[in-house]
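Reader: I am new to this structure and would like to go through some of its cysteines and one of its sheets. Could you take me through them step by step?

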Amino acid sequence: MINTVYNECENVMKTIITGGITTIHPVPFGTSEWYYGLTHEATDLFEAETLFQQGHALKRNELCLIHYPDGAVYWSLASIDDGYLAAPVFLENGIYVLSVSFNEKVIRIYCFDCSSCQVSVVQELPLGIVKNCYNLQLHIKPLCLTRQGDDNQFEILWPETCSFELAPHESFFLRDEDKLYFNKWQEEGEGTEYRYWEETAVRDLQGNLMEVLPGDICIMPNGETWYIK
């Protein structure tokens with residue numbers, strides 16, 4: 001379904017009909033044409049899982065995609081009752097969305113084809129493969145489903161599987177083929193001698209530390225990776 005309101009003059013404010021979704025964000029990573037809006041009462045997937053386990057009925061969760069510059073709104077992605085749709089990611093002309101249905105106990109990964117505007121299910125996985133949904137996320141590249149638990153255990157759950165323990169203060173943020181990038185903060189000393197700094201730890205798929213880079217790595221809006229040091 002597409003809802004669009006076009007302006008008749010370039011200088012007139014354009015109105016986009018989203019059914020009440022008033023906050024939108026750019027779809028990361030590597031596109032300037034697509035934005036998304038979400039409705040859900042939980043702040044993240046883990047909170048939604050916790051609320052469901054406590055017996056709360058979750059409100060209907062919906063996601064819309066908005067194309068720039070024409071303002072076309074797409075509702076092709078499935079809405080969910082008693083579940084959660086996560087923020088999408090962009091890869092190779094596709095927008096991918098992680099979905100969890102707590103009633104069905106199923107994890108689904110959807111793809112919205114930006115050329116045909118058609119949606120397909122890329123993968124279905126049983127929810128039982130994860131201890132819980134804490135930090136369950138889609139990452140690129142390639143597209144992969146990961147989880148970093150509060151016990152410092154990192155997992156890739158799909159398309160391949162691996163699991164290893166991280167050093168303290170490491171947080172996963174980027175995969176580049178067989179390299180995994182983790183932000184790592186350090187501190188030492190007290191008072192006037194106190195020092196804080198951040199590094200980037202690079203690991204292979206077995207968890208072996210390949211190198212530690214001073215500074216940070218950023219993914220830019222066009223998909224480029226910049227190393228800031």
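The questions and answers below turn to the cysteines and then to a sheet.

Reader: How many disulfides does the count come to?

Author: This is a predicted model, and a disulfide here requires a pair of cysteine sulfur atoms within 2.5 Å. For Cys 133, the nearest cysteine sulfur is that of Cys 144, 17 Å away, and for Cys 218 the nearest, again that of Cys 144, is 19 Å away. By this rule, the count of disulfides comes to zero.

Reader: Does Cys 133 count as buried or exposed, and what about Cys 218?

Author: The term buried applies under 20% relative accessible area, exposed applies over 50%, and partly exposed covers what lies in between. Because Cys 218 has a relative accessibility of 28%, Cys 218 counts as partly exposed. Cys 133, in turn, has a relative accessibility of 1%, so Cys 133 counts as buried.

Reader: Which strands are the edge strands of the open sheet of four strands?

Author: In this sheet the order is β11-β12-β13-β14, and the pairing is antiparallel. On average, and with direction ignored, its neighbouring strands are turned by 25° against each other. An edge strand pairs on one side only, and the strands that do so are β11 (136-139) and β14 (162-165).

Reader: Which residue in β13 does Gln 148 stand opposite?

Author: Strand β12 covers residues 144-148 and strand β13 covers residues 153-158; the two run antiparallel and are joined by four bridges. In general, strands of a sheet pair through backbone hydrogen bonds. The residue in β13 that stands opposite Gln 148 is Phe 154.

Note on methods:
Residues numbered from 1 in each chain as written. Predicted model: local features only at pLDDT ≥ 70, side-chain atom pairs only at ≥ 80, totals over all residues. Heavy atoms only, no water. Buried < 20%, exposed > 50% of the residue type's maximum accessible area, 1.4 Å probe, protein only. Pairing = 2+ DSSP bridges. Axes fitted to C-alpha atoms, helices over the stretch in contact; angles between N-to-C directions.
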